[in-house]
Amino acid sequence: MKIAPLAEVKAQFSRYVEESERGPIVVTKNGRPVAVIISPPDEDELERLVLAHTPRFQRLMKAAEERLRENGVKHDEFWEGVMGEELRPETPAKRSRRQRKKE
């Protein structure tokens with residue numbers, strides 16, 4: 001991670017954009033961090049980054065999380081409903097118990 005003053009970043013913006021491909025650049029103003037320049041590896045990561053910092057999206061995620069907590073279906077119940085007991089993926093804890101029973 002590199003730290004650079006805003007005036008320097010403004011004067012050499014292209015250089016700092018290129019450098020951001022190797023790691024984040026923290027931009028400071030009067031010695032205090034005010035921005036970060038990062039280079040997303042692909043479009044999916046760029047979309048995740050933008051959504052993670054979008055207040056409306058954050059509100060939607062929080063509301064969905066609360067609804068799941070109040071009305072959600074437990075993991076095992078979901079798989080029983082979707083696939084039936086025999087086809088449900090096993091959790092690591094269940095695999096260990098089954099392995100121990102076989103021994």
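Biologist: What is the relative accessibility of E65?

Modeller: This is a predicted model, in which local features need pLDDT of at least 70 and side-chain atom pairs count only at pLDDT 80 or more, while totals for chains, interfaces and linings use all residues. Residues are numbered from 1 along each chain as its sequence is written, and side-chain values use heavy atoms, with hydrogens and water left out. On a scale where buried means under 20% relative accessible area, exposed over 50% and partly exposed in between (1.4 Å probe, protein chains only), E65 counts as partly exposed, its relative accessibility being 48%.

Biologist: With which side chain does that of E65 meet in a salt bridge?

Modeller: A salt bridge is taken here as a side-chain nitrogen of Lys or Arg within 4 Å of a carboxyl oxygen of Asp or Glu. Both E65 and its partner lie in helix α4 (residues 55-71), four residues apart, which is about one turn of the helix. The partner is exposed, with a relative accessible area of 60%. At 3.3 Å from N to O, the side chain that meets E65 is that of R69.

Biologist: How many helices and strands does the protein chain have?

Modeller: Helices (H or I, at least four residues) and strands (E, at least two) are DSSP runs, numbered from the N terminus. Along the sequence, the elements follow the pattern β-α-α-β-β-α-α-α-α. The secondary structure therefore comes, under this DSSP definition, to six helices and three strands.

Biologist: In what order do the three strands form the open sheet?

Modeller: Two strands pair if DSSP finds at least two bridges between them, and β2 (residues 25-29) is joined to β3 by five bridges, the two running antiparallel, with V26 standing opposite V36 in β3. The pairing in the sheet as a whole is mixed, and the edge strands, each pairing on one side only, are β1 and β3 (32-37). The order is β1-β2-β3.

Biologist: Is T28 buried or exposed?

Modeller: T28 has its place in strand β2. Contact means heavy atoms within 4.5 Å, and, not counting residues up to four places away in sequence, T28 touches I3, A4, P5, L6, P33 and V34. With a relative accessibility of 11%, T28 counts as buried.

Biologist: Which residues make up the largest nonpolar core?

Modeller: In soluble globular proteins, nonpolar side chains tend to be buried together. A nonpolar core is defined as a set of buried Ala, Val, Leu, Ile, Met, Phe, Trp, Tyr and Cys residues joined through side-chain atoms within 4.5 Å. I37, one of the core residues, is in contact with residues including F13, S20, G23 and P24, leaving aside its neighbours within four places in sequence. The core has six residues in all, namely A4, V9, Y16, I25, V27 and I37.

Biologist: Which residues are linked with E19 in a network of salt bridges?

Modeller: E19 lies in helix α2 (residues 13-19) and counts as buried at 15% relative accessibility. One salt bridge of E19 is with R15, the closest N and O atoms being 2.8 Å apart; R15 is partly exposed, with a relative accessible area of 34%, and, being four residues apart in helix α2, the two are separated by about one helical turn. Another is with K2, where the closest N and O atoms are 3.2 Å apart. The residues linked with E19 in the network are K2 and R15.

Biologist: How many residues apart in sequence are the parts that E19 and K2 tie together?

Modeller: Side chains of opposite charge can pair when their charged atoms come close. E19 forms a salt bridge with K2; E19 lies in helix α2 and K2 in strand β1 (residues 2-5), so the pair ties together parts whose separation in sequence is 17 residues.

Biologist: What percentage of the residues of the protein chain count as buried?

Modeller: The protein chain exposes about 9,000 Å², of which carbon and sulfur atoms supply 54%; accessible areas come from the Shrake-Rupley method with a 1.4 Å probe, and for residues only the protein chains shown count as cover. Among contacts in the protein chain with a separation of 6 or more, residues 24 or more positions apart account for 10%. Of the 103 residues, the share that counts as buried is 13%.
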